[in-house]
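Here is a short briefing to read alongside the model. Please keep the viewer open and follow the residues as they come up.

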Amino acid sequence: MGEKYQQKNLRRNRMGKVLIIGCGGVAGVAIQKCCQNSEVFEEICIASRTKSKCDALKEKLEGKTKTKITTEQVDADKVDELVALIKKVNPDLVMNIALPYQDLTIMDACLECGVNYMDTANYEPEDITDPEWKAIYDKRCKEEGFSAYFDYSWQWAYKEKFEKAGLTALLGSGFDPGVTQAYCAYAKKHLFDSIDTIDILDCNGGDHGYPFATNFNPEINLREVSAPGSYWEDGHWVEIPAMSIKREYDFDQVGKKDMYLLHHEEIESLAKNIPGVKRIRFFMTFGQSYLTHMNCLENVGMLSTEPINYEGHEIVPIQFLKALLPDPATLGPRTVGKTNIGCIFTGKKDGKEKKAYIYNVCDHQECYREVGSQAISYTTGVPAMIGAMMLLNGEWNKPGVYTVEEFDPDPYMEALNKWGLPWQIEDNPELVD
Ligand code: NDP
């Protein structure tokens, strides 16, 4: 193992060649940021289900970057197709920016080919009626006490395999999960001796002018927000009905917004990795129009993932809905306003009570001017590039499967300032009750 790992590392330091899977809203930003950073990303191959999207982006970027770009078609649900592609491209790292459904197939292919892996969201199955998956899910709901379809157990199960192969898998390097965990690691390293509570606040003050649209993949987004909420308190999960805890918060540069407590994946890893933490919650802002539409769609069955037969065709309602809704990648020119995403901490430093809020404010129109997309794709795509850079330049290499807070936050936090997501610290923030 050691020798293979060292060889990979030596090669990694000489060149950076990355295979990027997916070419949607988030990948589009990550790819453009890689191309702004050609010293690290000397060569990228963009591979997705629909190759024409990869070709169109390549055409847009060529001549404006030193990064060499190639494109391929791949069905990332199929391990054998992925293995053939990875062998052909021979990258130092695979960036999975497709959907959470593909996390395990891409991890399997990386292991088979001896290549490092990263993604932006943890695994969830496309088919939640699969009896094999359902049996494990039901057991987990009972044992852990939260019922979201996604959780880290599937990918943490690869830890030993990645360790043995001398490969690194970095999970969830978007904004939340991702940057929020870097904020936590930074707070733990530099601001606090002990952290008591963490409130992660995700505020989108942007307006796209549509009565209803989602800012990233509608299927993943609607599954997430229509699920029961949950938070971590005193060593266990507390689950609540969807959208049943509401607070108002006055966000810097955005103003007052209603926000709702959701289950979110980084709570699960932070509960393990921030020793002594007593409570972790996640809140996201939603406007009334969004909630009214979502409730109505849920009530009529349009959020269902179970196939129905309609006039001889099998239709999955939420996939049909996705086809009707605006493509998140097209929201860029219409979206105005800002996002404000960050973490509020309480705890102790030098024996005294302390609080702090680390956050980023991002302007939708500035993102559009830079990369042609709105801030949600931008705030996810930039950290995807940064996570990849941490692995490529060797800052974050340790064999195994890890989330962002398990690495040294300093080079990542520095890169956020440099690559478009500057952060700030408020020493006396308003707390959420
Ligand atoms: P999109 O739907 O815009 O893009 C997904 C891309 O993956 C598309 O190019 C799609 O191809 C491709 N794809 C889907 N299935 C396959 C497959 N079987 N084989 C190959 N390619 C496939 O999604 P987003 O860009 O909005 O989201 C990307 C990821 O980012 C998701 O995992 C999402 O959960 C995550 N995310 C993370 C956030 C964070 O802060 N951590 C925030 C927002 C999103 P095609 O064009 O053919 O459909």
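In this predicted model, Phe212 has a relative accessibility of 8% and therefore counts as buried, the cut-off being under 20%. Tyr290 comes out at 12%, so it counts as buried too. The points below start with the ring pair these two form, then turn to other rings, to charges over rings, and to the ligand.

**Phe212 and Tyr290**

- The rings of Phe212 and Tyr290 make a tilted aromatic pair, with 5.1 Å from centre to centre and 45° between their planes.
- This pair joins distant parts of the chain, as its two members are 78 residues apart.
- Phe212 belongs to the loop between strand 7 (194–204) and helix 10 (218–225), while Tyr290 is in helix 12 (residues 288–299).
- Ring pairs also tie Phe212 and Tyr290 into a cluster with Tyr260 and Phe286.

**Trp396 and Tyr412**

- A stacked pair is formed by Trp396 and Tyr412, whose planes are 5° apart and whose centres are separated by 5.0 Å.
- Here again distant parts of the chain are linked, with the two positions 16 residues apart in numbering.
- You will find Trp396 in the loop between helix 15 (375–392) and strand 17 (400–403), and Tyr412 in helix 16 (residues 409–418).
- Trp396 and Tyr412 are both buried.
- Counting across the model gives 19 aromatic pairs.

**Charges over rings**

- Lys354 places its charged end over the ring of Phe192, at 5.6 Å from the ring centre.
- Over the face of Tyr402 lies Lys398, 4.6 Å from the centre of that ring.

**Around the ligand**

- The ligand is surrounded by 28 residues, and those that come nearest are Arg49, Thr50, Lys53, Ala76 and Asn217.
- Sorted by class, this shell holds 13 nonpolar, ten polar and five charged residues.
- Ala76 offers a polar backbone atom that is 2.8 Å from a nitrogen atom of the ligand.
- At Phe175, a polar backbone atom is 3.0 Å from an oxygen atom of the ligand.
- Asn217 takes part through its side chain, where an N or O atom is 2.7 Å from a ligand oxygen atom.
- On its own the ligand has 940 Å² of accessible area, and the protein covers 94% of it.

Notes. Residues numbered from 1 in each chain as written. Predicted model: local features only at pLDDT ≥ 70, side-chain atom pairs only at ≥ 80, totals over all residues. Heavy atoms only, no water. Near = heavy atom within 4 Å. Polar contact = N/O pair within 3.5 Å; in protein donor to acceptor, adjacent residues only side chain to side chain. Areas by Shrake-Rupley, 256 points an atom, 1.4 Å probe, with all protein chains shown as cover. Nonpolar A, V, L, I, M, F, W, Y, C, P; charged D, E, K, R; others polar. Phe/Tyr/Trp six-rings, centres within 6.5 Å; stacked < 30°, edge-to-face > 60°. Helix = DSSP H or I, 4+ residues; strand = E, 2+ residues; numbered from the N terminus. Buried < 20%, exposed > 50% of the residue type's maximum accessible area, 1.4 Å probe, protein only. Lys NZ or Arg CZ within 6 Å of the ring centre and 35° of its normal.
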